[in-house]
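Trainee: Hi, have you got a few minutes to go through this complex with me? I'd like to get a feel for how its parts fit together.

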Amino acid sequence: MSTTVPKKITLRTADNHEFEVDEAVAMELGTVKTFFDENPDATDEPIPLPNVSSKCLSTIIEYCKFHLSLRARGNDSSSAEEEGKVYDEELIKTHDNESLVELILAVNYLNIKDMLDTLNQGVADRIKNKSVEYVRRFFGIENDYTPEEEAEIRAQYEWAFEGVDPDDD
Amino acid sequence: MDITRILPEECLCLIISLTSPVDACGSAMVSHALRSVADCDAVWEKFLPSDYKSIISGSSSSSLLSPGKRRIYIFISVSIPFSLKMSFQLKKESGKKCYMLGARALSIIWGDTPSTWKSLPESRFSEVVELKLVWWLEVKGMIDITILSYNTNYAAYLVFKLRNKRTIEFRHRAVGLHMSAESPHGKCGVCR
């Protein structure tokens, strides 16, 4: 290996923005990595990411760069782990429900496991211990149960709510 | 924005499996689409303890057919007799394992005589010991801690029933608790 300049890879988003990133960063994106594994002779053409917006991709690239740099420091200290945690918390905090879902969609498509876990946990934390009505509003879901069905399901799931504190809203 | 139309099912599955069993049941009440996700085996498998299969086969109700992971969860979160001396329960909110030792698994001072073994309808065990006259009470029990859930604070409870109001001099006594953990290599921790 003689190269000193890291290889660059260009990614093109759905809204036609091009992002030039280091190969190491691009390889964090499972979908991109698989593409190169399967096409070792791929040219330097930009890689189209038709399911990812430029807003999402820039967040994702930032995330990958940051976590790569943490990993590069190795298991030197618990401070790297702590910094990673703080970064992830901040990432969740700065996204509202809708943009979080949009980001999950992109990360799921790009197959970045750690980031997906973090985002899924963020959504899970937002619906924990909440009422059914709250979860409906949160997820933008219409209640499509008839009153009869609802009563039947309530009876069926009653087991879960016996002896549990009432939902907060 | 209806999330069930946007996110793929495996993603929704992951999100719900990161909540709790009670939240999963709440999600099932949201809509048909979310119910099919919240009920799926992939979600409930996460809530079940990793050794749930051996728990079921070790219980005396091992004839359980496999009706889906959610059913299994419900089944083992109501107390199931594990053996005549021990019973098991999954704490339904958290999926943590609880074990109960029956009187037959404990060593109870005065437990030999003059006392009787009898059955009590409210007990989960087929036999309890009735102590008729005691000067003090000493109960010892042992449990293999490797069967407990990891990273979990446990509390130990002593369940007893006073026979009648004539039971005297019992309510206001100090209770001493002694706990120790032993490994094949000797004692590894003691607390009082």
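Mentor: Sure, let's talk about the contact between the chains, then the domains, and then some salt bridges. Keep in mind that this is a predicted model.

Trainee: Okay, the interface to begin with. How many residues does each chain put into the contact?

Mentor: Chain A contributes 37 residues and chain B contributes 32 residues.

Trainee: And how much area is buried between chain B and chain A?

Mentor: About 3300 Å², with carbon and sulfur atoms giving 68% of that area. On the chain B side, Met1(B), Met29(B) and Val30(B) lose the most area to chain A, and together they make up 22% of what that side buries.

Trainee: What about charges and polar pairs? How many salt bridges does the rule find across the interface of chain B and chain A?

Mentor: The rule finds 0 salt bridges there. Polar contacts do turn up across that interface, with 11 residue pairs where both residues are at pLDDT 80 or more.

Trainee: Which helices of chain B each supply at least two residues to the side that touches chain A?

Mentor: Those are H1 (3-6), H2 (9-17), H3, H4 (32-38) and H7 (69-77) of chain B. H3(B) has the largest share of that side, with 5 residues. By class, the chain B side that touches chain A has 18 nonpolar, 6 polar and 8 charged residues.

Trainee: Let's switch to chain B by itself. Where do its domains run?

Mentor: The domain assignment puts domain 1 at 1-46 and domain 2 at 48-191 of chain B. Between these two domains the buried area is about 800 Å², and carbon and sulfur atoms give 59% of it.

Trainee: How many residues from each domain are in contact?

Mentor: It's 8 residues of domain 1 and 8 residues of domain 2 of chain B.

Trainee: Which side chains form the salt bridge between those domains?

Mentor: The count there is 1 salt bridge, and the side chains that meet are Asp39(B) and Arg70(B), at 3.5 Å from N to O. Domain 1 and domain 2 of chain B also have 4 residue pairs in polar contact, both residues at pLDDT 80 or more.

Trainee: Which elements of domain 1 give two or more residues to that side?

Mentor: Helix H3 (21-28) and helix H5 (41-47) of chain B. H5(B) gives the most, with 4 residues. The domain 1 side that touches domain 2 of chain B has 3 nonpolar, 1 polar and 4 charged residues.

Trainee: Any annotations to go with this? What does UniProt list for residues 7-45 of chain B?

Mentor: The UniProt record, an unreviewed entry, lists "domain: F-box" for that span. In the model, residues 7-45 of chain B are 74% helix and 0% strand, and the end C-alpha atoms lie 21 Å apart. For chain A, the unreviewed UniProt entry has "domain: SKP1 component dimerisation" covering residues 113-160. That chain A span is 77% helix and 0% strand, with its end C-alpha atoms 31 Å apart.

Trainee: Back to salt bridges, then. How many are there over all chains?

Mentor: The count is 18. One of the pairs is Arg71(A) with Glu28(A), whose side chains meet at 2.7 Å, N to O. This pair links distant parts of the chain, 43 residues apart: Arg71(A) is in helix H3 (residues 54-72) of chain A, while Glu28(A) is in the loop between helix H1 (23-26) and helix H2 (30-38) of chain A.

Trainee: Great, thanks for walking me through it!

Methods. Residues are numbered from 1 along each chain as its sequence is written. Chains are lettered from A and ligands numbered from 1 in the order in which they are written. This is a predicted model: local features need pLDDT of at least 70, side-chain atom pairs count only at pLDDT 80 or more; totals for chains, interfaces and linings use all residues. Side-chain values use heavy atoms; hydrogens and water are left out. Domain bounds come from an automatic or database domain assignment. Contact means heavy atoms within 4.5 Å. Buried area is the accessible area (1.4 Å probe) that two parts lose on being put together, summed over both. A salt bridge is a side-chain nitrogen of Lys or Arg within 4 Å of a carboxyl oxygen of Asp or Glu. A polar contact is a pair of N or O atoms within 3.5 Å; within protein, one must be able to donate a hydrogen and the other to accept it, and residues adjacent in sequence count only if both atoms are side-chain atoms. Ala, Val, Leu, Ile, Met, Phe, Trp, Tyr, Cys and Pro count as nonpolar, Asp, Glu, Lys and Arg as charged, and the others, Gly among them, as polar. UniProt positions are given in the numbering used here, feature names are shortened, and annotations may be inferred rather than shown by experiment.
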